[in-house]
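Student: I would like a close look at one place in this model where two helices pack against each other. Please start with the geometry of that contact and work outward from there.

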Amino acid sequence: MVTKQLSGSPEEQADLRRADSLAREIFSDVANKWALLIIEALGDGTLRFSELRGAVEGISHKMLTQNLRMLERNGLVERTVYPTVPPKVEYTLTGPGQGLRKTVDVMCDWTHRHIGHIEAARSGFDGD
């Protein structure tokens, strides 16, 4: 992963509208379906890799690995390796990850409230 060389004031780095801001880089990292689904799955507690893969239906081994690394890099997920044979690895949300999970929950609630409307709009748009 490439780390941006930060320039500008903290206010500029927090501005999502700026293409070169750290905020936009972070937003881009976490605002993908796999990251959101992983955060939602980990919201109920610590999980091992295989448990996470089972909890996030349809995710490939590669995508789960990439997204867990990104979430760990951004300080949202903590990875704990136990010195056993075979190695035991667990993932859990950090404090900021738990905070983001609250936002993900709001997005899930919004989806449930509006799914009928969205289905109807799609049906009308697609001509079904």
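Tutor: Start with helices H3 and H5, which pack at an angle of about 75° with their axes 10 Å apart. Angles of 65 to 115 degrees count as roughly perpendicular, so H3 and H5 are roughly perpendicular to each other. From H3, the contact is made by Trp34, Ala35, Ile38 and Ile39. From H5, the residues in this contact are Met63, Leu64, Asn67, Leu68, Met70 and Leu71. The model is a predicted one, and every value here is computed from it.

Isoleucine 39 is a good residue to follow. Isoleucine 39 sits in helix H3 and has a relative accessibility of 0%. The cut-off for buried is under 20%, so isoleucine 39 counts as buried. Leaving aside residues up to four places away in sequence, isoleucine 39 touches Leu71, Leu93, Gly97, Leu100, Arg101 and Val104. Its C-alpha atom is separated by 9.5 Å from that of leucine 68, and the two residues are 29 residues apart along the chain.

Isoleucine 39 also takes part in the contact between H3 and H6. The axes of H3 and H6 come within 9 Å and cross at roughly 105°. That crossing makes H3 roughly perpendicular to H6. On the H3 side the contact is made by Leu36, Ile39 and Glu40. On the H6 side it is made by Gly97, Leu100, Arg101, Val104, Asp105, Met107 and Cys108.

Next, the nonpolar core. The largest nonpolar core has 23 residues, and those that touch the most other members are Ile38, Leu42, Leu52, Leu68, Leu71 and Tyr91. At least two residues of this core come from each of H3, helix H4 (49–55), H5, strand S3 (88–93) and H6. H3 supplies the largest share, six residues. In general, nonpolar side chains tend to be buried together in soluble globular proteins. Leucine 52 is one of the members listed above. Not counting residues up to four places away in sequence, leucine 52 touches Ile38, Ala41, Leu42, Leu47, Leu64, Leu68 and Tyr91.

Not every residue of H3 is buried. Lysine 33 is also placed in helix H3, but lysine 33 is exposed, with a relative accessible area of 54%. The C-alpha atoms of lysine 33 and leucine 76 are separated by 16 Å, with their positions 43 residues apart along the chain.

Back on H5, threonine 65 is found in this helix, which covers residues 61–73. Threonine 65 is buried, with a relative accessible area of 18%. A polar atom of its side chain lies 2.9 Å from the backbone oxygen of histidine 61.

H3 and H5 also help to cover helix H2. The buried residues of H2 (residues 22–30) are Ala23, Glu25, Asp29 and Val30. These residues cover an arc of only 160° around the axis, which means that they are on the same side of H2. What covers them includes helix H1 (10–13), helix H3 (33–42), H5 and helix H6 (95–126).

Finally, the loop between strand S2 (77–82) and S3. Proline 83 is placed in this loop and, at 83% relative accessibility, counts as exposed. Proline 83 and isoleucine 115 are 32 residues apart in sequence and 45 Å apart in space, C-alpha to C-alpha. Proline 86 is in the loop between S2 and S3 as well. The peptide bond from valine 85 to proline 86 is cis, with omega near -10°.

Conventions. Residues are numbered from 1 along each chain as its sequence is written. This is a predicted model: local features need pLDDT of at least 70, side-chain atom pairs count only at pLDDT 80 or more; totals for chains, interfaces and linings use all residues. Side-chain values use heavy atoms; hydrogens and water are left out. Helices (H or I, at least four residues) and strands (E, at least two) are DSSP runs, numbered from the N terminus. Buried means under 20% relative accessible area, exposed over 50%, partly exposed in between (1.4 Å probe, protein chains only). A polar contact is a pair of N or O atoms within 3.5 Å; within protein, one must be able to donate a hydrogen and the other to accept it, and residues adjacent in sequence count only if both atoms are side-chain atoms. The arc is that of the directions from the helix axis to the C-beta atoms. Contact means heavy atoms within 4.5 Å. A nonpolar core is a set of buried Ala, Val, Leu, Ile, Met, Phe, Trp, Tyr and Cys residues joined through side-chain atoms within 4.5 Å. Axes are lines fitted to C-alpha atoms, for helices over the stretch in contact, and angles run from 0 to 180 degrees between N-to-C directions. Angles under 35 degrees count as roughly parallel, over 145 as roughly antiparallel, 65 to 115 as roughly perpendicular and the rest as oblique.
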